[in-house]
Structures are given as C-alpha cells and as structure tokens.
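Below are my comments on the model, set out as numbered points for discussion. Please read them with the structure open alongside.

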Amino acid sequence: MENHVVDARNLYRLPWTMPDNGITWLEPTSQCNLNCYGCYRKNIKNSHKPLEEVKHELDFFQSMRKTDCVSIAGGDPLLYPDIVPLVADIKRRGLKPILNTNGIALTKELLHELKQAGVFGFTFHIDSKQGRGREKEWMGKNELELCDLRLHYAEMLAAEGNIACSFNSTVYDDTIQYVPQLVEWAQKHIDIVHTMVFILFRYITPDTPFNFYAGDRKIVMDDIHYHSDKSEVTDIMAPDIVNKIREKYPDFMPAAYLNGTHRPDHFKWLLTERVGTKDRIFGYAGSKFLELVMTLYHYKHDRYISYASPKTLGLGRTTLLASWGVDKGMRKAAGNYFKYLSANPFRLFKKVRMQSIMIIQPVDLMPNGDQSMCDGCPDITYYKDDKGREQLVWSCRLEELMKYGDFLRMVPKNAIEVEQEQEKELVK
Ligand code: SF4
C-alpha cells in the first residue's frame, strides 16, 4: 500500500548515519512532571545525573559521531537543576542545544536564561494522552483544544526571539483524525511554529505473537515497560498519516526519509518541507532541494543539518528564487507564488516562510521477531553497561538495557502457546 501513497524512489534518503548525523539524544535526568501514556521511559524521581557525568556523555558523543544538534530529553530536561549550564556547555561545543520538554516547568525567566545560555530550539511534546491533570484547564482536552496550549508556548518563544519552535505529538488510532487540522493550525502560525512532528504509537499488547527474551532469560510481557494491558492499534504507518493529511492538503508531498533497518520501503522518518504564508501553501520542496541543503551544509560545516533557525526559515521567497532552477517541487511552488502575486501585487509584502512536517514511525516488528529500527537513527544516546563499557544505543529502547542489561529479542510463539492463550481468553 505504501508505494501508492509515497514512493521511496522519488524521495531523498537522508544521509544520516551512526557516525555522522543531524541529531544526538542526551538524557540528563529520568524525572518527569507528567506520566504520558505511550512514553518509552520510566519516570524516576531524583534521577538527575551529575553535570560532569553528562559532560562526559557529550565528550563520548563527540568522539564517536558528528552531530549538528543535541536533543536534551529525559524525563523532562527543565527539571534538571543544571539545565542552564548544560545548555551553555553544548553551545560552547559549537552544537545546537534543543530542549525536548512538555513545557510545564518553563517560565519566562527560565526561557530568558536559556536563551542567554544559547538554546537553539524547543520541541514541546503536547498531546491528549499525557494526563495533564495538574494543569486543570488542559485536563480532558482533545488534540485541537490543546492548540491553545501550543500557541501559548509558540508565542512565548517568539517574544524571546529567534528560537526554533517544534511540536511533537504521539498519534493513536483514536487521535489520527485530528492530524489534518493540526497541520492546518501549524500553517496559520507558520510565522512562529517551525516544525510539527507526528510520532506513531508503538507498544506491546496482550495479543502479541511473540515471546520475549533477554539473553536466555524469558521475560513476561507485563514486566516490559512499554506494554499495554489492552488490545490496541500499534501498526499505523507513515503513509497512513500522509493520506490523512491529503484530505486537507491534496498536494502534500514528502521530500526525504530514513528507511527501516529491515525494510527499505518503510518510512521511519518522513520529512515534508512546505513553503507558504499563513493563508496559502504554495508548494512542497522536492528531493533535490533537500539533497542540495544537506550537501551544502555538510560541505560548509562538516556535519548534516537538522534544525534551521527561524531567521533562515523566514527567507521563503529567497529560497524559492534560489532553488526553483534545481528542484521540481520548488519550481511548482514558485509558479503558484507568482500567480498569487499577479492577482494582487500588494501580497509582495507578505512574508513567505518554510515549515517542516515530520512523521516518525518507530520500531516495526517483523514476522520472525526481528525489530526494524530507523536506519541512521538520529535519536541515538549513551549507555554504559555494568562492566563500564560505553556505547551508542537507540534511546527509544534504553529502558530494556537499563532493566535487563540487554535488548529484548522476540521469538514467535509456537502454535500450542497461541492455542493455550486463546483458551485462557475464552475462559475470561
Ligand atoms: S530507532 Fe528509536 S530512537 Fe532511533 S529514531 Fe527511531 S524511534 Fe527514535
């Protein structure tokens, strides 16, 4: 089905790899002030690492991997007592510090301090399954109602000035319906919202056809952090989201992707760059535009870009003019822009901007139990085992290493086990 919606052969395969990537993931704490359903990390109170230890992790990253930005996550990084000096340290290393937060602990004063320290951007995780119970006004709100909260943070960043603003939300079977309107909301705020990210929900559910092992030890499903006690849809795919967005934006067209480690035609990170104003999207960058941006940036800075600054994204008209000759998508967008101008030349005063829409499709389970991960995983992080060996690992599965000292292997259940489980269900 995927190939009818998006064809990998027409996209640019992002050049990100293990040793040379746009992003690296840092977790200075596992403490959080929310307990989001769907989170990959256990919330542990007072789990802040000493700043020197976190700096060592950064040294390790830099010895192993070129990176453009460092996503500071957790837990919630704003709860980390040394967050300001940590941001300053990352900036001093010539990297872009990005804070991945739910936003609750963000005050104007802290934002100002972080800006002074060199923060490049924020990615706010906001969705309707975060149990924002303590913030009474957001309790029980759906994805669209939460746009007021998103806007609050986007305006806060805009008032501080030139800070990249992104929003993440996990997409579930019962929230996929809201995706087109969220993309529309982002367009209305294209001046202060730079990226929207949709992360597809993945969990282990009771109807799993697999047994789980850490080494030779069998692990019961209920013991695994990311498991659900009820049956859920865990196989929404990136092209399903593209299809959904096309209900509102029929021309919506991704330009670049990361494939799966086991499937070249799976779109694990699917990136769309659109160009427009608050009231009109002129078009979508094509694969050649992304190839050119990545190549030129790497030539100049010796690493691949991940986040662009709001100032750069605000140069939509210049970008259209500079790239129309090399990219089909930009040529079409430029044509639409000139038609738009010819209908009313005063529109020349409207600022044209770029905006990114990213769809992330985490681990996919293959029928034989193999796990297809993002090939060229950007969110790779640091892990030290009990023998002191350091390595780079997938942050979405760090919990397995921390709990079992190994990644889990999945082995298909045999026919007798499946039958026994079905009988148990019938008795219930
Ligand atoms: S492999 Fe996991 S950690 Fe890496 S990018 Fe994919 S979802 Fe994120």
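1. In this predicted model, N21 of strand 2 (residues 20-26) stands opposite T67 in strand 3. The two strands pair in the parallel sense, and six bridges join them. Strand 3, which covers residues 66-72, is mostly covered, since six of its seven residues are buried. Strand 2 and strand 3, together with helix 2 (residues 51-64), make a right-handed β-α-β unit.

2. On strand 3 there is also a register to check against strand 4 (residues 96-101), with C69 standing opposite K96. Here too the pairing is parallel, in this case over four bridges. The chain passes from strand 3 through helix 3 (residues 83-92) to strand 4, and this β-α-β crossover is again right-handed.

3. Which peptide bond is cis, and where does the second of its residues lie? The bond in question runs from G74 to G75, with omega near 15°, and G75 is found in the loop between strand 3 and helix 3. I would mention this cis bond in any description of the crossover to strand 4, as helix 3 is the helix through which the chain passes on that route.

4. Two asparagines deserve a separate comment on backbone geometry. N46, although not a glycine, has a positive phi of about 50°; N46 lies in the loop between strand 2 and helix 2, and it is exposed, because 7 other C-beta atoms lie within 10 Å, where 12 or fewer is the criterion. N162 likewise is not a glycine and has a positive phi, of about 45°, and its place is the loop between helix 5 (147-160) and strand 6 (164-171). N162 counts as partly exposed, because its 13 C-beta neighbours inside 10 Å fall between the limits of 12 for exposed and 20 for buried.

5. A further element of the fold is an open sheet of three strands in the order 9-8-18, with antiparallel pairing. Strand 9 and strand 18 (409-412) stand at the edges and have a single partner strand each, so one side of each is left without a neighbour in the sheet. Neighbouring strands of this sheet are turned by 40° against each other on average, when direction is ignored. Between strand 8 (residues 210-214) and strand 9 there are three bridges in the antiparallel sense, and within this pair Y213 stands opposite K218 in strand 9.

6. Is V220 buried or exposed? V220 is placed in the loop between strand 9 (217-219) and helix 7 (238-246), and it counts as exposed because 9 C-beta neighbours lie inside 10 Å, which satisfies the limit of 12 or fewer. The C-alpha atoms of V220 and I72 are separated by 32 Å, and the two residues are 148 residues apart along the chain.

7. P180 offers another pair of positions to set beside that one. P180 has its place in helix 6 (residues 179-188) and is partly exposed, because the 17 other C-beta atoms within 10 Å put it between the two limits of 12 and 20. The C-alpha atoms of P180 and K244 are separated by 6.4 Å, while the two residues are 64 residues apart along the chain.

8. For the ligand, I would ask that the surrounding residues be named in full. They are K268, P362, M373, C374, C377, P378, D379, W394, S395 and C396. By class, this shell divides into seven nonpolar residues, one polar residue and two charged residues.

9. Lastly, some values for the protein as a whole. Its secondary structure comes to 13 helices and 18 strands, and buried residues make up 40% of the 428 residues. The C-alpha atoms fill a box of roughly 70 × 50 × 45 Å along the principal axes. The radius of gyration is 22 Å, which agrees with the value near 22 Å that a compact globule of 428 residues would have.

Note on methods: Residues are numbered from 1 along each chain as its sequence is written. This is a predicted model: local features need pLDDT of at least 70, side-chain atom pairs count only at pLDDT 80 or more; totals for chains, interfaces and linings use all residues. A residue is near a molecule or strand if its C-beta atom, placed from the backbone, lies within 6 Å of it. Ala, Val, Leu, Ile, Met, Phe, Trp, Tyr, Cys and Pro count as nonpolar, Asp, Glu, Lys and Arg as charged, and the others, Gly among them, as polar. Two strands pair if DSSP finds at least two bridges between them. A crossover is right-handed if, with the strands pointing away from the viewer, the path from the first strand over the helix to the second runs clockwise. Axes are lines fitted to C-alpha atoms, for helices over the stretch in contact, and angles run from 0 to 180 degrees between N-to-C directions. The radius of gyration is taken over C-alpha atoms; the globule rule is 2.2 Å times the number of residues to the power 0.38.
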